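Welcome! Please take a moment to look over the sequence and the 3D view, and then read on for a short tour.

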Amino acid sequence: MPGSQTRRDVERLTGMQRGSATHGETLAARELAGMLAERSLKPTLESELAVGGFWQSTGLAAAAGALAGSVGGRARRACTVAGALAAALMADDVDNGAHLLRRVLVKRETTNVLAWAGDENASETVVLVAH
């Protein structure tokens with residue numbers, strides 16, 4: 001049946017523990033690179049440093065905003081500024097801005113898989129990104 005090998009490959013990958021910026025992610029990336037090579041693509045692995053998820057930065061900003069809101073009446077101006085700063089940091093993070101908060105958080109190694117197919121000198125290129 002067409003696509004059955006692809007389905008088995010996807011099921012194998014989805015069955016792996018592969019959180020962002022973990023050893024499991026690296027193993028899954030290597031597995032995926034092998035699957036792509038079996039399909040005559042030219043995969044490479046690329047290592048980067050990453051926080052390992054969005055929840056650390058947005059979670060810290062949300063907690064700061066909640067804390068500012070809970071203190072509110074005692075130091076209204078300071079809490080308003082703190083809440084606005086927390087909202088700005090969250091917006092920066094989710095809008096793919098400068099990632100100011102992520103810059104100060106601990107980073108781990110993450111692994112990306114890149115693969116090429118077709119004529120490398122083609123006049124047009126299609127780029128697919130999966131996350």
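This report walks through some helix packing, salt bridges and individual residues.

## Before we start

Keep in mind that what you see is a predicted model.

## Two helices side by side

Let's begin with helices α1 and α2. Their axes are 10 Å apart, and the helices pack at an angle of about 170°. An angle over 145 degrees counts as roughly antiparallel, so that is the word for how α1 and α2 run relative to each other.

Which residues make the contact? From α1 come Asp9, Arg12 and Leu13, and from α2 come Ala28, Glu31, Leu32 and Met35. Sorted by type, the residues of this contact are 4 nonpolar and 3 charged, with no polar ones.

## A network of charges

How many salt bridges are there? The count comes to 6. One of them joins the side chains of aspartate 9 and arginine 39, with N and O 2.7 Å apart. Aspartate 9 sits in helix α1, which covers residues 4-14, whereas arginine 39 sits in the loop between α2 (23-38) and β1 (42-50), so this pair ties together parts that are 30 residues apart in sequence.

Are these two partners buried or exposed? Aspartate 9 has a relative accessibility of 3% and counts as buried. Arginine 39 has 34% and counts as partly exposed. The cut-off helps here: buried means under 20% and exposed means over 50%, with partly exposed in between.

Asp9 and Arg39 also belong to a network of salt bridges, in which they are linked with Arg12 and Glu31. Try finding these four residues in the 3D view.

## Arginine 12 up close

Arginine 12 is a good residue to look at next, as part of helix α1. Its relative accessible area is 39%, which means that arginine 12 is partly exposed.

What does arginine 12 touch? Setting aside neighbours within four places in sequence, arginine 12 is in contact with Glu31 and Met35. Both of these residues also appear on the α2 side of the contact between α1 and α2. You can also compare sequence with space: arginine 12 and leucine 32 are 20 residues apart in sequence, and their C-alpha atoms are 9.7 Å apart.

## Lysine 42 and its partner

Now move along to lysine 42, in strand β1. The side chains of lysine 42 and glutamate 120 meet in a salt bridge, 3.0 Å from N to O. Glutamate 120 lies in the segment after β2 (108-116) and lysine 42 in β1, so the pair ties together parts that are 78 residues apart in sequence. Glutamate 120 is exposed, with a relative accessible area of 61%, and lysine 42 is partly exposed at 44%.

Once neighbours within four places in sequence are left aside, the contacts of lysine 42 are Leu114, Ala115, Trp116 and Glu120. For another look at sequence and space, take lysine 42 and serine 20: they are 22 residues apart along the chain, and 23 Å separates their C-alpha atoms.

## One more salt bridge

Aspartate 93 and arginine 102 form another salt bridge, and their closest N and O atoms are 2.5 Å apart. With a relative accessibility of 6%, aspartate 93 counts as buried.

## Residues in the loops

A few loop residues deserve a visit. Alanine 21 lies in the loop between α1 and α2. This alanine has a positive phi of about 60°, although it is not a glycine. At 5% relative accessibility, alanine 21 counts as buried.

Where does asparagine 96 lie? Its place is the loop between α4 (76-94) and β2. Asparagine 96 also has a positive phi, near 55°, and it too is a residue other than glycine. Its relative accessibility is 61%, so asparagine 96 counts as exposed.

Our last stop is glycine 15, in the loop between α1 and α2. Glycine 15 counts as exposed, at 60% relative accessibility. Its C-alpha atom is separated by 18 Å from that of leucine 36, and the two residues are 21 residues apart along the chain.

Definitions and conventions:
Residues numbered from 1 in each chain as written. Predicted model: local features only at pLDDT ≥ 70, side-chain atom pairs only at ≥ 80, totals over all residues. Heavy atoms only, no water. Helix = DSSP H or I, 4+ residues; strand = E, 2+ residues; numbered from the N terminus. Buried < 20%, exposed > 50% of the residue type's maximum accessible area, 1.4 Å probe, protein only. Axes fitted to C-alpha atoms, helices over the stretch in contact; angles between N-to-C directions. Parallel < 35°, antiparallel > 145°, perpendicular 65-115°, else oblique. Contact = heavy atoms within 4.5 Å. Nonpolar A, V, L, I, M, F, W, Y, C, P; charged D, E, K, R; others polar.
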